[in-house]
Amino acid sequence: MIPIQCKISPSILAADFTQLGKELDRVNNADLIHIDVMDGHFVPNISYGVPIARAVKAATDVPLDIHLMIDEPERFIHDFAVLKPEFITIHYEAVTHLQRAAAYIREQGVKVGVALNPHTPLDGLQYVLDDIDMILIMTVNPGYGGQGFIPAMENKIRDCRHMIREYPIDIQVDGGITKENIARLWRAGANIFVAGSAIFQSENPAEYIEEMRLSKG
(Lines give C-alpha, C1' and ligand atoms only; values in the text may rest on other atoms or scores of the structure.)
Protein backbone atom coordinates (compact mmCIF):
# COMPACT_ATOMS: atom_id res chain seq x y z
CA MET A 1 0.00 0.00 0.00
CA ILE A 2 1.21 3.52 -0.86
CA PRO A 3 2.11 5.54 2.30
CA ILE A 4 -0.50 8.23 3.03
CA GLN A 5 -0.46 11.43 5.06
CA CYS A 6 -3.31 12.65 7.27
CA LYS A 7 -4.62 16.10 6.32
CA ILE A 8 -7.40 18.27 7.76
CA SER A 9 -9.42 20.52 5.45
CA PRO A 10 -11.87 22.88 7.22
CA SER A 11 -14.91 23.75 5.09
CA ILE A 12 -15.59 27.49 5.07
CA LEU A 13 -19.25 26.72 4.33
CA ALA A 14 -19.60 26.60 8.13
CA ALA A 15 -17.59 29.78 8.77
CA ASP A 16 -18.99 33.18 9.80
CA PHE A 17 -18.86 35.10 6.52
CA THR A 18 -19.16 38.45 8.28
CA GLN A 19 -15.74 37.66 9.80
CA LEU A 20 -14.19 35.51 7.07
CA GLY A 21 -10.63 36.81 7.46
CA LYS A 22 -10.71 36.18 11.21
CA GLU A 23 -12.27 32.77 10.67
CA LEU A 24 -9.42 31.81 8.34
CA ASP A 25 -6.90 32.99 10.94
CA ARG A 26 -8.52 30.59 13.42
CA VAL A 27 -7.71 27.61 11.15
CA ASN A 28 -4.26 28.64 9.93
CA ASN A 29 -2.84 25.32 11.19
CA ALA A 30 -4.99 23.37 8.72
CA ASP A 31 -3.48 21.49 5.79
CA LEU A 32 -6.06 22.73 3.28
CA ILE A 33 -9.05 25.08 3.14
CA HIS A 34 -12.11 23.40 1.64
CA ILE A 35 -14.25 25.60 -0.62
CA ASP A 36 -17.67 24.18 -1.49
CA VAL A 37 -19.01 25.72 -4.70
CA MET A 38 -22.73 24.98 -5.21
CA ASP A 39 -24.92 26.06 -8.11
CA GLY A 40 -28.45 25.24 -6.98
CA HIS A 41 -28.78 22.69 -9.81
CA PHE A 42 -26.40 19.83 -9.15
CA VAL A 43 -27.15 20.23 -5.43
CA PRO A 44 -30.21 21.92 -3.85
CA ASN A 45 -28.29 24.89 -2.50
CA ILE A 46 -26.33 27.92 -3.70
CA SER A 47 -23.12 28.90 -1.94
CA TYR A 48 -20.49 31.10 -3.61
CA GLY A 49 -18.12 31.22 -6.55
CA VAL A 50 -14.82 32.57 -7.80
CA PRO A 51 -14.92 35.94 -5.94
CA ILE A 52 -15.12 34.25 -2.53
CA ALA A 53 -12.44 31.74 -3.49
CA ARG A 54 -10.24 34.64 -4.59
CA ALA A 55 -10.85 36.42 -1.27
CA VAL A 56 -9.91 33.27 0.66
CA LYS A 57 -6.75 32.92 -1.41
CA ALA A 58 -5.77 36.48 -0.53
CA ALA A 59 -6.48 35.99 3.19
CA THR A 60 -4.57 32.76 3.91
CA ASP A 61 -1.39 30.91 3.03
CA VAL A 62 -3.11 27.54 3.52
CA PRO A 63 -3.58 25.79 0.14
CA LEU A 64 -7.08 25.77 -1.31
CA ASP A 65 -9.14 22.61 -1.81
CA ILE A 66 -11.89 23.55 -4.28
CA HIS A 67 -14.92 21.27 -4.52
CA LEU A 68 -17.15 22.01 -7.51
CA MET A 69 -20.65 20.74 -6.76
CA ILE A 70 -21.95 22.13 -10.03
CA ASP A 71 -23.28 21.00 -13.39
CA GLU A 72 -20.80 21.18 -16.28
CA PRO A 73 -17.81 22.01 -14.07
CA GLU A 74 -15.56 22.16 -17.15
CA ARG A 75 -16.89 25.68 -17.77
CA PHE A 76 -15.28 26.99 -14.58
CA ILE A 77 -12.11 24.93 -14.19
CA HIS A 78 -9.84 27.62 -15.65
CA ASP A 79 -11.37 30.39 -13.49
CA PHE A 80 -10.59 28.46 -10.32
CA ALA A 81 -7.27 27.08 -11.57
CA VAL A 82 -5.78 30.58 -11.86
CA LEU A 83 -5.97 30.73 -8.06
CA LYS A 84 -3.42 27.86 -7.94
CA PRO A 85 -5.29 25.61 -5.52
CA GLU A 86 -3.91 22.28 -4.37
CA PHE A 87 -6.96 20.43 -5.68
CA ILE A 88 -9.92 21.03 -7.94
CA THR A 89 -12.53 18.34 -7.38
CA ILE A 90 -15.33 17.64 -9.85
CA HIS A 91 -18.22 15.24 -9.45
CA TYR A 92 -18.29 11.97 -11.35
CA GLU A 93 -22.04 12.46 -11.76
CA ALA A 94 -21.69 15.95 -13.29
CA VAL A 95 -19.39 15.27 -16.24
CA THR A 96 -19.84 13.27 -19.44
CA HIS A 97 -16.15 12.93 -20.32
CA LEU A 98 -14.38 12.46 -16.99
CA GLN A 99 -10.93 11.65 -18.37
CA ARG A 100 -10.97 14.75 -20.57
CA ALA A 101 -12.02 16.99 -17.68
CA ALA A 102 -9.36 15.47 -15.41
CA ALA A 103 -6.69 16.02 -18.05
CA TYR A 104 -7.74 19.65 -18.40
CA ILE A 105 -7.35 20.24 -14.65
CA ARG A 106 -3.86 18.71 -14.73
CA GLU A 107 -2.96 20.89 -17.70
CA GLN A 108 -3.61 23.88 -15.40
CA GLY A 109 -0.99 22.55 -12.95
CA VAL A 110 -3.58 21.54 -10.35
CA LYS A 111 -4.19 18.16 -8.73
CA VAL A 112 -7.37 16.36 -9.79
CA GLY A 113 -10.07 15.24 -7.40
CA VAL A 114 -13.15 13.23 -8.36
CA ALA A 115 -16.10 13.16 -5.97
CA LEU A 116 -18.71 10.43 -5.63
CA ASN A 117 -22.13 10.92 -4.06
CA PRO A 118 -23.10 8.31 -1.45
CA HIS A 119 -25.17 6.22 -3.89
CA THR A 120 -22.56 6.24 -6.68
CA PRO A 121 -20.48 3.04 -6.95
CA LEU A 122 -16.71 3.07 -7.26
CA ASP A 123 -16.64 1.03 -10.46
CA GLY A 124 -16.63 3.97 -12.86
CA LEU A 125 -13.25 5.17 -11.59
CA GLN A 126 -11.24 2.02 -12.18
CA TYR A 127 -10.22 3.03 -15.72
CA VAL A 128 -9.21 6.62 -14.89
CA LEU A 129 -7.00 6.02 -11.85
CA ASP A 130 -3.92 7.16 -13.78
CA ASP A 131 -5.63 10.50 -14.37
CA ILE A 132 -6.64 11.47 -10.84
CA ASP A 133 -4.90 12.41 -7.60
CA MET A 134 -7.74 12.21 -5.07
CA ILE A 135 -11.09 10.49 -4.66
CA LEU A 136 -13.62 12.36 -2.55
CA ILE A 137 -16.19 10.06 -0.99
CA MET A 138 -19.22 12.08 0.09
CA THR A 139 -20.30 10.72 3.45
CA VAL A 140 -23.52 12.76 3.40
CA ASN A 141 -25.79 13.75 0.54
CA PRO A 142 -24.20 16.95 -0.77
CA GLY A 143 -25.79 20.37 -0.54
CA TYR A 144 -26.00 21.30 3.13
CA GLY A 145 -23.64 21.47 6.09
CA GLY A 146 -24.26 19.96 9.49
CA GLN A 147 -25.53 16.56 8.33
CA GLY A 148 -24.78 13.26 10.06
CA PHE A 149 -22.30 10.73 8.66
CA ILE A 150 -23.87 7.88 6.63
CA PRO A 151 -22.52 4.66 8.28
CA ALA A 152 -22.46 2.61 5.05
CA MET A 153 -19.78 4.93 3.68
CA GLU A 154 -17.18 3.33 5.98
CA ASN A 155 -17.28 0.19 3.84
CA LYS A 156 -17.11 2.31 0.69
CA ILE A 157 -13.93 3.96 1.99
CA ARG A 158 -12.43 0.56 2.70
CA ASP A 159 -13.34 -0.71 -0.77
CA CYS A 160 -11.89 2.42 -2.34
CA ARG A 161 -8.57 2.06 -0.54
CA HIS A 162 -8.37 -1.54 -1.76
CA MET A 163 -9.12 -0.46 -5.34
CA ILE A 164 -6.34 2.17 -5.37
CA ARG A 165 -3.79 0.23 -3.30
CA GLU A 166 -1.15 0.46 -6.05
CA TYR A 167 -1.79 4.15 -6.82
CA PRO A 168 -0.60 7.30 -4.99
CA ILE A 169 -4.16 8.57 -4.67
CA ASP A 170 -5.59 10.34 -1.62
CA ILE A 171 -9.04 9.52 -0.24
CA GLN A 172 -10.94 12.51 1.06
CA VAL A 173 -14.13 12.23 3.09
CA ASP A 174 -16.67 15.02 3.50
CA GLY A 175 -19.78 15.09 5.66
CA GLY A 176 -20.32 14.52 9.36
CA ILE A 177 -16.59 14.21 10.09
CA THR A 178 -15.59 14.84 13.72
CA LYS A 179 -12.82 13.99 16.14
CA GLU A 180 -15.08 11.20 17.42
CA ASN A 181 -15.20 9.27 14.12
CA ILE A 182 -11.93 10.22 12.43
CA ALA A 183 -10.02 7.22 13.84
CA ARG A 184 -12.22 4.57 12.27
CA LEU A 185 -12.31 6.43 8.95
CA TRP A 186 -8.51 6.65 8.98
CA ARG A 187 -8.34 2.91 9.63
CA ALA A 188 -10.77 2.33 6.76
CA GLY A 189 -8.39 4.19 4.43
CA ALA A 190 -9.36 7.87 4.32
CA ASN A 191 -6.56 10.38 4.78
CA ILE A 192 -7.98 13.85 3.99
CA PHE A 193 -10.78 14.89 6.32
CA VAL A 194 -13.17 17.73 5.55
CA ALA A 195 -14.99 19.15 8.55
CA GLY A 196 -17.10 22.28 8.69
CA SER A 197 -19.47 22.61 11.63
CA ALA A 198 -17.32 20.47 13.93
CA ILE A 199 -14.36 22.82 13.47
CA PHE A 200 -15.92 26.27 13.12
CA GLN A 201 -18.53 25.76 15.84
CA SER A 202 -15.94 24.63 18.35
CA GLU A 203 -14.61 27.08 20.93
CA ASN A 204 -11.11 26.93 19.47
CA PRO A 205 -10.97 25.73 15.84
CA ALA A 206 -7.17 25.45 15.77
CA GLU A 207 -7.20 23.24 18.86
CA TYR A 208 -9.99 21.14 17.39
CA ILE A 209 -7.88 20.54 14.27
CA GLU A 210 -5.01 19.32 16.45
CA GLU A 211 -7.40 17.10 18.40
CA MET A 212 -8.58 15.57 15.13
CA ARG A 213 -4.98 14.77 14.15
CA LEU A 214 -4.34 13.17 17.55
CA SER A 215 -7.65 11.31 17.58
CA LYS A 216 -6.92 9.41 14.38
CA GLY A 217 -4.47 7.25 16.36
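**View 1. A lysine over a tryptophan ring.** In this predicted model, K216 sits over the face of W186, and the distance to the ring centre is 4.4 Å.

**View 2. An aromatic pair between two loops.** Searching the whole structure turns up one aromatic pair. Its partners are F17 and Y48, whose ring centres are 5.6 Å apart, with 35 degrees between the planes, a tilted arrangement. F17 belongs to the loop between strand 1 and helix 1 (20–25), and Y48 to the loop between strand 2 and helix 2 (50–59), so the pair ties together parts 31 residues apart in sequence. Is each ring buried or exposed? F17 is partly exposed, at 35% relative accessible area, whereas Y48 is buried, at 11%.

**View 3. The sheet and its edges.** Here you can follow an open sheet of eight strands, paired in parallel in the order 1-8-7-6-5-4-3-2. Strand 1 (7–10) and strand 2 (33–38) are the edge strands; each has a single partner, so one side of each has no neighbour in the sheet. On average, neighbouring strands are turned by 20 degrees against each other, direction ignored.

**View 4. Strands 5 and 6 with helix 5.** Four bridges join strand 5 (residues 111–116) to strand 6 (residues 134–138) in the parallel sense. Look for L116, which stands opposite I137 of strand 6. Helix 5 (residues 153–163) packs on the sheet and touches strand 5, strand 6 and strand 7 (170–174); its direction makes about 165 degrees with that of strand 6.

**View 5. Helix 8 on the sheet.** Helix 8 (residues 205–215) packs on the sheet too, touching strand 1 and strand 8 (192–195). The direction of helix 8 makes about 145 degrees with that of strand 1.

Conventions
Residues are numbered from 1 along each chain as its sequence is written. This is a predicted model: local features need pLDDT of at least 70, side-chain atom pairs count only at pLDDT 80 or more; totals for chains, interfaces and linings use all residues. Side-chain values use heavy atoms; hydrogens and water are left out. Two strands pair if DSSP finds at least two bridges between them. Axes are lines fitted to C-alpha atoms, for helices over the stretch in contact, and angles run from 0 to 180 degrees between N-to-C directions. Contact means heavy atoms within 4.5 Å. Rings of Phe, Tyr and Trp (its six-membered ring) pair if their centres lie within 6.5 Å; planes under 30 degrees apart count as stacked, over 60 as edge-to-face and the rest as tilted. Buried means under 20% relative accessible area, exposed over 50%, partly exposed in between (1.4 Å probe, protein chains only). A charge sits over a ring if NZ of Lys or CZ of Arg is within 6 Å of the ring centre and within 35 degrees of the ring normal.
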